[in-house]
Amino acid sequence: MTTDYKDTLNLPQTDFPMRAGLPVSEPKRLEKWARMDLYHQTLAANAGHPVYILHDGPPYANGPIHIGHAFNKVLKDIIVKYKSQRGFYAPYVPGWDCHGQPIEHMVEQKVGSEKMRQLDQVTIRRLCRQWAHDNIDIQRDGFKRLGVMGEWDNPYLTYVPAYEAGNVQIFKMMYEQGAIYRGRKPIHWCKHCHTALAEAEIEYGDETSPSIYVAFELTSDLSQTPFASLDEPLSVLIWTTTPWTLPANTAVSLAAGAEYVVVQTQGRSLIMARELVEQVAAVADWSEYQLASGADGQTLIALGRQLENLRYAHPIHPDMTGVLITGDHVDLSTGTGAVHTAPGHGQEDYLIGELWKLPMLMPVDDNGVFDAGGGPFAGLDVDAANPQIIDWLKQRGSLIAHRDIEHSYPHCWRCHNPVIFRATDQWFVSMENTGLREKAISAIETLNWYPQWAANRLRAMVEGRPDWCISRQRSWGVPIPVFKCGRCSQTVATDATFDAVIALFKTEGADAWFSKKPAEYLPADTVCAHCGAGLDELLPEHDILDVWWESGVSHTSVLDNYAELSRPADLYLEGSDQHRGWFQSALLTSVGAYGTAPYKGVMSCGFVVDEQGRKMSKSLGNGVDPADVIAKSGADVLRLWVGSVDSSQDVSISMNILDRVSDTYRRIRNTFRFLLSNLFDFDVTDDAVSWEQMTVFDRWQLARLAELTTVVDEAYESFRFHVAYHAIYDYIVTDLSAVYLDALKDRLYADGAKSLLRRSAQTVLANILEVLVRQLAPILAFTCDEVWEMYPPGLCEPNRVAAVQLAGWPQVSDFIPAVPSDEADTLLGDFRVILGVRDAVTRALEEARNDKVVGKSQEASVSISLAPLAADVLASLPEGALAEMFIVNAVSLSAVEGLVEPEVSVAVAAGEKCPRCWNIRQLGSETAYPEVCSRCAAVLKDLDAT
């Protein structure tokens, strides 16, 4: 009769389920965290400790969260949780950007464009506020479901009075320093949204545009130029991709030091840059052309500066002329070297126009339609005018060539239509008047950047950016806090008026600007300093502030207004597009107002793309909804994906990728289950084994755990979570599952429950559990807290904290027992050799199984020939150690000089299968238990004795 030895084995015991059921269990854990107020418990536990502030960049309160939101918020949550576990007082105040055109656009879609035009500003603002309020609740629920902890009941909102007042505070400081001014400049203008746009509100996309070459006939006397000997009419040949800007032309810019020649072709004499002649000839299909020469036969050449101040007939307006000028912006890589210049339609044109004191024509209205200044094209939309202008030029013989080209062109970030450049009266932040550009660049050099190259990107943007246009022609936002004199049109803005507006906004919010008269809140003695007009003649500014200004001043409206926060923040974290958005607006407003950066460090992350690297879009159908992922797999799978990717680059996601992440999650979960289930009878106080008593196998694993801890610490500290993830996962798969845990099962299950060998193994398992549950807690927030709840009683010290988030961060110095660093280094070196030999043994065993020599590895006896140095390492191990590590019956070694790779032979082990432990052993050495091996007999004897 066969004896059942099951009850004599130390089989795993745990209530920690193999199947996670995260979609069901996670909401229950969120309820638990809410009941215990875990977020504030975490703050209380670290009160008085060093402070770490990650300042949240506000997403738009505009619809449910998408995968980009999830990636961003989980990344921040990992950092906050990590810093909290390291003992920092790490408050997290989430926020929402509640103003701006995107929300106004959604309201317009809801009520209809026609009705929107009929609504007054107060009504529009009320509808926008309601829209933002409703969407905040939707997004807040989405973020909380991800396990993100923070001040969800007291977030910062850009439409609340205290926040709005902060805008005025910063505006006042910068205005009074001379950094803010009103001026007429060309800016990006969306003719669909009817508003100015800053560079941060521009996205670039391919457009097909007409590329035309046009002859502007010179009207000046050329006798003082190198072309004086030519008696035919000369024209300067310009190139443009925006024919609609020609009605506003006032000049043609040349490169001062470049050589210009006259090309004679098809009865025309055209001035252009010498080095571009062949390029233009190819575009224009000139089969024959020549360069004009003098009486000596030499090509006539004029430098650009020698043609300055020559006049030409305007291409559109017969009663106007333009002038040839020179500028450093003229590029000789394309075109003709003669640049059509319209100061009202471009930044470079504006700047060169200022230098040469050119008039600035602006014949295009807010709708993108020509007024009378468009001449024959008055009443036409600029896009509709393009082909008609081309036809006009062709009819008059001045169109030399026309091709359509594909090129990158600026588009509105909201409606995605192409924008135009047009000069309008706007409010600007000067980059030069107060040295803001240089101060901001200097501040960039003092900061911590993650990754480091991100500093170069922001520096380049600040170096090259124009003055910042901060005014918008919309309804929903914080108004420009100044007044216009109704009598003389001068700006009225003083200390007293600013302070009155700040007080008004703090008590009633910015809505009061649109519903109250200035006399109701400004000091009674307020007058226009230029003409003496009183309160009744002051008109509040209608434009609102750029939303990037609004989010930028959060360093004041948030960091200065929340008691637990302070300025500067330790870290700003957002997508890489925020180098031209929030990172920059925050830097400029903070440096402009206070002279210092608002942050100590900046971390930029990539965008979320699909498996093929494509942007998520409805048309491609490649979007991944976080709500769908959570419903199918749970938030922890999504969090694990975030922790696994290199956030400094664009990151790919798809359901296939998430399925692979789910497999990884199950591997990690099963490892936790193995650890928990084999510690059910272990008491860390009574049963932990000293370093000296441990097997060499166990000492190696503890040394390897210490090595992992150091690697993971460094990765977390530099916010390279994917490095930490891969280190942990590789450790679990390679060192634990494939090597250590598999070999340990015999000791754990079959040795005496209280035996030194089993307790040695359990001591290591307890350390592994204590480390992994803490290291993975910032990423796998739900699962690690579940593991923490399922800890065996013997690992639960008195007054144990209620959640893993409160459990601190693992330190090598906390290991029980302590790991001697010198011995650990030697062990790790020796085991690199041992594991290399183990790989060879594993391959040999697989071949032996395929050849039907053995079944399980325990049935095998292996003989290993290897180089003397390697043989010495293996031979130094205690008897039986190699057999345990290789999971075989016996191991014999022989040293062979000159052998590079180990050679392994496999034979069937001598002995019989023990029915209790299933190892091949000599049975019957104990007469009382003749059917089992000596080890199992000793265990059975002890059990019978108790």
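Guide: The expected span of a helix is 1.5 Å times one less than its number of residues. Helices here are DSSP runs of H or I with at least four residues, strands are runs of E with at least two, and both are numbered from the N terminus. The model is predicted, so local features need pLDDT of at least 70 and side-chain atom pairs count only at pLDDT 80 or more, while totals for chains, interfaces and linings use all residues. Residues are numbered from 1 along each chain as its sequence is written, and side-chain values use heavy atoms, leaving out hydrogens and water.

Visitor: How do you know what span helix H6 should have?

Guide: H6 covers residues 121–145, which is 25 residues, so at 1.5 Å a residue it should span 36 Å. Its end C-alpha atoms are 36 Å apart, so the two agree.

Visitor: What makes the contact at the start of H6 a polar one?

Guide: A side-chain oxygen of Asp 120 comes to within 3.3 Å of the backbone nitrogen of Val 122. A polar contact is an N or O pair within 3.5 Å; within protein, one atom must be able to donate a hydrogen and the other to accept it, and sequence neighbours count only if both atoms are side-chain atoms. After H6 comes Gly 147, with a positive phi near 90 degrees.

Visitor: Why is Cys 128 called buried or exposed?

Guide: Buried means under 20% relative accessible area, exposed over 50%, and partly exposed in between (1.4 Å probe, protein chains only). Cys 128 has 0%, so it counts as buried. Other buried residues of H6 include Ile 124, Ala 132 and Phe 143.

Visitor: And which label does Cys 531 get?

Guide: Partly exposed, because its relative accessibility is 26%.

Visitor: How many disulfides are there?

Guide: Zero. The rule asks for two cysteine sulfur atoms within 2.5 Å. For Cys 128 the closest cysteine sulfur, in Cys 98, is 11 Å off, too far for a bond. Cys 531 is in no disulfide either; its nearest cysteine sulfur, that of Cys 485, is 3.4 Å away.

Visitor: What makes S1 and S18 the edges of their sheet?

Guide: Strands pair if DSSP finds at least two bridges between them. The open sheet has four strands in the order S1-S25-S26-S18, paired in parallel. S1 (54–56) and S18 (448–450) each have a single partner strand, so one side of each lacks a neighbour in the sheet.

Visitor: How do you know that S18 pairs with S26?

Guide: Three bridges join S18 to S26 (residues 601–605), and the cut-off is at least two. Asn 448 stands opposite Gly 601 in S26.
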